Amino acid sequence: MRLLLVVLLDGLAYAAWLFLVSAGLTFTYGVLRVLNLAHGNLYALGAYLGATLLLHYAASGSEVAATLGLLLLAAVIIGILAGPLIERVFLRRVYSRDEEVQLLLTFAISLILEDVTKLIWGVTPVVADMPYTSFGSVRLGGISYPWYPFLLVGVALGLAGFLWFVVTHTRLGKVLAAVIADREVSATLGIHVPRVYTFAFTAGAILAALGGALTAPMFSLVPGIGADVLVISFAVIAIGGLGSIGGAAVGSVVVGLARSAAVYFFPELDLFTIYLIMTLVLLFRPQGLFGEIEIRRI
Amino acid sequence: MGGSLRFIPFLLLGLALITAPFVLSGWVLFLLTVAGAKALAVLGVVLLLRAKLLTFGHALYYAAGAYAAGLGVKYLGLHNGFALIGLAFVAGLGVSALLGLLVIRYRGVYFALLNLAFSMVLYGILLKFYSVTGGTDGLAFPAPTFGLIGLSEASLRAQLYELTLFLGSLLFYLTYRFFASPAGYVLFAIRDNEVRVAYMGISVNAAVYLGYIIAGGLAGVAGVLVGLSVGHITPDLAFWSQSGEFVFVAILGGVGSVFAPVVGSILFEFVRNYAFELSPYTWQMTLGAALLLIIFFLPGGVWSLVGLARTRSGP
């Protein structure tokens, strides 16, 4: 029983992490139809800046709100700096070109950001695990479990609710839906499409950096974390369906629980659970669980 | 000029390449061997790019070839170079034939990232199963035999160079013939309009599957040739940055000709050799910036400059 509880808690924590890192990728793809290969690098930048802010400004006993505030600040700084720059200066010039050119462009940006991260923070691991230890742990059904993962789950749920609210209940959500449905018609209706694109890309960048910043206290940061995150978040959104935030949420929960179960019951499968699920889903539902089939036109 | 004299420059180039080991120093020969071998993997990427398929996981087959040969040395006690190359070729074909069943159903973003995901899985396997693959330590290649006896280190290097030259030329010629064959033209047609190709009664997936397997086999051979030259293989062969390098060289050279990957590959290996020593932390940044420049200003790659020069100087 206790083991099952641990599996469940670990799985939910991992699912929350997966959702935080993949929401931005699927959101950007949903609006712009461009898969941002620099997503993992924005995650890494957010993580490094978040860790730096924590190391400089947060004393070891600081409050939850202060810590979260600092991490959120790091994410917003990275997103506001990198998002509009990448979209306005580079991405905008290739919307009319082939999909593989757009992929190459974001790949080039990812290579550049990879070295920018190394130049700023060096190659030695950065550790900022104070929140993880100082928040203490909670006793639940006879086991002691750290607080921080619960916080992560809370933030993920909050983010999911916020995104759902924005998309379904605000004017902005309607504008996004219009642009996704038809770029040209929404332009004739008076929507400034380029501005929507810049906004959507920046929002995706902030989400990526937020995913990084929030998980900075859990892992030590080393060069190359960006690539892993990109591949894992792609697997999650491929399971859910590219462009679907709900799909990303469901994919995160499925993969999170499956991986946590694998870690405890079939440890040798740990690494492969996520790709195994992805392959199975794609074999039977090529467009993902919540994806829409694209009609090919001549 | 009469067509009968066209072959003379090629003949001179061929002679120069064959006699190179008598003139060039060891490390230049080594770089040329590695560049030539990697050009085979890049050729596979170019082949897929001709059908508008971009892969960020081609190092998967590169590493599969190298490790198939490495495991052949470790468990089967193989030392014959030709047997190792055959093993790597079969491994490249086999793995791509298996994964191709799933991957060829996808285009665009999915195709690129599924390949990336599978290559990262192989990377994980190579790292994790230490007892079989040697983990981060990798596997060592003892000096292979090619049916000749009494090899010193220098003559082994020259032999590997000649082997890469001949085998590479053969594979490049075969790929060139493939490009000029109906099946090769189908790939080009898919690039322009996939649905119309299907309407003509041609199976798009069968053509893509064939191209995918050929690309896998080419990368497998590339992997073992590089492994033999370096004498040692590590999981880094399967890492995403290796796949990215293949894509970069393919774009650098351009997809217009089978010669482009060779030119791109040699250019790349020599520039890296110097640039990496100057500043190791800005190497990827340099690659990224160069890629941006190519995307915006030279969409046809370096090889398109040759075509440009031809049309300007020609009548």
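Reader: How many residues of chain B are in contact with chain A?
Author: In this predicted model, 31 residues of chain B are in contact with 32 residues of chain A, where two residues are in contact if their C-beta atoms, placed from the backbone, lie within 7 Å.

Reader: And which helices of chain B supply at least two residues each to that side?
Author: Helix H5 (108–128), helix H9 (194–199), helix H11 (240–253) and helix H13 (283–297) of chain B each do so, and the largest share, ten residues, comes from H5(B). Helices here are DSSP runs of H or I with at least four residues, strands are runs of E with at least two, and both are numbered from the N terminus.

Reader: What classes of residue make up the side of chain B that touches chain A?
Author: That side has 20 nonpolar, seven polar and four charged residues. Ala, Val, Leu, Ile, Met, Phe, Trp, Tyr, Cys and Pro count as nonpolar, Asp, Glu, Lys and Arg as charged, and the others, Gly among them, as polar.

Reader: Before I go on, how are the residues and chains labelled, and what pLDDT do local features need?
Author: Residues are numbered from 1 along each chain as its sequence is written, while chains are lettered from A and ligands numbered from 1 in the order in which they are written. As this is a predicted model, local features need a pLDDT of at least 70 and side-chain atom pairs count only at pLDDT 80 or more, whereas totals for chains, interfaces and linings use all residues.

Reader: What does the model score, and what pLDDT does chain B average?
Author: The model has an ipTM of 0.87 and a pTM of 0.89. For chain B the average pLDDT, which is the predictor's confidence in each residue from 0 to 100, is 87, and 93% of the residues score at least 70.

Reader: Switching to the fold, how many helices and strands are there in chain A and in chain B?
Author: Chain A comes to twelve helices and two strands, and its order along the sequence is α-α-α-α-α-β-β-α-α-α-α-α-α-α. Chain B has 14 helices and two strands.

Reader: Why does the radius of gyration of chain A agree with a compact globule?
Author: It agrees because a compact globule of 298 residues would have a radius of gyration near 19 Å, and chain A has 19 Å. The radius is taken over C-alpha atoms, and the globule rule is 2.2 Å times the number of residues to the power 0.38. For chain B, with 315 residues, the rule gives a value near 20 Å, and chain B has 20 Å, which agrees.

Reader: How much of each chain is buried?
Author: In chain A, 48% of the 298 residues count as buried, and in chain B buried residues make up 46% of the 315. A residue is buried if 20 or more other C-beta atoms lie within 10 Å of its own, exposed if 12 or fewer, and partly exposed in between, with C-beta atoms placed from the backbone.

Reader: Which residues of the largest nonpolar core touch the most other members?
Author: They are A:Ala209, B:Ala63, B:Ala88 and B:Ala117, out of 194 residues in that core, and H1(A) gives the most to this core, with 16 residues. A nonpolar core is a set of buried Ala, Val, Leu, Ile, Met, Phe, Trp, Tyr and Cys residues joined through C-beta atoms within 7 Å.

Reader: Which residues does B:Ala88 touch?
Author: Leaving out residues up to four places away in sequence, B:Ala88 touches several residues, including B:Gly65, B:Ala66, B:Gly220 and B:Val224.

Reader: What about H3(B), is it enclosed or not, and how far does it reach?
Author: H3(B) is largely enclosed by the rest of the structure, because 13 of its 18 residues are buried. From its first C-alpha to its last H3(B) reaches 24 Å, close to the 26 Å expected, where the expected span is 1.5 Å times one less than the number of residues. Just after H3(B), B:Gly77 takes a positive phi of about 65 degrees.

Reader: Which residue in the loop between H1 and H2 of chain A has a positive phi without being a glycine?
Author: That is A:Arg33, with a phi of about 60 degrees, and its loop lies between helix H1 (2–32) and helix H2 (39–57) of chain A. A:Arg33 counts as partly exposed because it has 16 C-beta neighbours inside 10 Å.

Reader: Is B:Ile8 buried or exposed?
Author: B:Ile8, found in helix H1 (residues 7–23) of chain B, is exposed, with 9 other C-beta atoms within 10 Å.
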